[in-house]
Amino acid sequence: MTVDYYVRQVTLDDLKFAQQGTDVYNSAYNTEDGWTTEAKIVKGKLTTSKDTEEFITESVQGDKLTQLFVFERENNVDKSVVGTLMIVPFPDLDEKPTPGEAMITRFAISPHHQSKGLGRLLLEGSLRVMKDQGYHTCSIRVFENRPEVLAWYIKLGFVDTLERRAFKAPPGKSLALPVGFVIMKRVL
């Protein structure tokens, strides 16, 4: 039996993996298991399977966002989702689009699969997709009180723009700590 991991853009056939993608995202950010957890920063509902189904459908339609999954496969058959990431074509939903710039969001690796190089695999895959889609800059938001996460992005070529943004809590979420985002960018 051969087990490996790979990254690809979702298809409608991946709707069957929506719950797994949801579970990966929620477990990476809302438990104490992984080094990416935000459980002490953000409180409330993260995402639902219905949300993930909508993201998959919108990604396939191709006009608003691109959803990527990291799959674990056995003998070339997709077995499970172990990572998820979304590319949106503008840095902030409340701002005017920045031509040529896209933002990474909803980036998560299952806590049971972290520290195995899959985050790097997913990030590098997303940067290739962005470049293929005609973008020249990638932006990301990282909570300013997460030095280990900031250092990881710097190691991968991202630069702190010195711009800070407040966290705008969506319905059902709130900040447990008064912390904002560091805006980081990387030229593709």
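**Exercises on a predicted model**

A search of the whole structure, which is a predicted model, finds one cavity of 30 Å³ or more.

**Exercise 1.** Work out which residues line the largest cavity, and which element gives the most to this lining.

*Solution.* Begin with the volume, since the largest cavity holds about 40 Å³ of space. Next list the lining, which is made up of Gly21, Thr22, Tyr25, Thr52, Gln67, Phe69, Thr84 and Arg106. Then assign these residues to elements: α1 and β3 (66-74) are the ones that give two or more residues to the lining. Finally, α1 gives the most, with three residues.

**Exercise 2.** Check whether the end-to-end distance of helix α3 (residues 118-132) agrees with the span its 15 residues should have, and state which of its residues are buried.

*Solution.* At 1.5 Å a residue, taken over one less than the number of residues, helix α3 should span 21 Å. The C-alpha atoms at its ends lie 21 Å apart, so the two values agree. For burial, the cut-off is under 20% relative accessible area, and the buried residues of α3 are Leu118, Gly119, Leu122, Leu123, Gly125, Ser126, Leu127, Val129 and Met130. Beyond the helix, α3 is followed by glycine 134, which has a positive phi, near 95°.

**Exercise 3.** Place leucine 15 in the chain, decide whether leucine 15 is buried, partly exposed or exposed, and name its partners in a nonpolar surface patch.

*Solution.* Leucine 15 sits in the loop that joins β1 (3-9) to α1 (18-30). Its relative accessible area is 32%, and because partly exposed covers values between 20% and 50%, leucine 15 is partly exposed. On the surface, Leu15 forms a nonpolar patch with Leu12 and Val60, and together they have about 220 Å² of accessible area.

How values were computed
Residues numbered from 1 in each chain as written. Predicted model: local features only at pLDDT ≥ 70, side-chain atom pairs only at ≥ 80, totals over all residues. Heavy atoms only, no water. Patch = residues over 30% accessible without salt bridge, like charges linked within 9 Å, V, L, I, M, F, W, Y side chains within 5 Å. Areas by Shrake-Rupley, 256 points an atom, 1.4 Å probe, with all protein chains shown as cover. Salt bridge = Lys/Arg side-chain N within 4 Å of Asp/Glu carboxyl O. Helix = DSSP H or I, 4+ residues; strand = E, 2+ residues; numbered from the N terminus. Buried < 20%, exposed > 50% of the residue type's maximum accessible area, 1.4 Å probe, protein only. 1 Å grid on protein atoms, 1.4 Å probe; cavity = no way out; pocket = protein on both sides within 12 Å on 5 of 7 lines; lining within 4 Å. Points joined across faces, edges and corners; volume = space filled by probe spheres on them.
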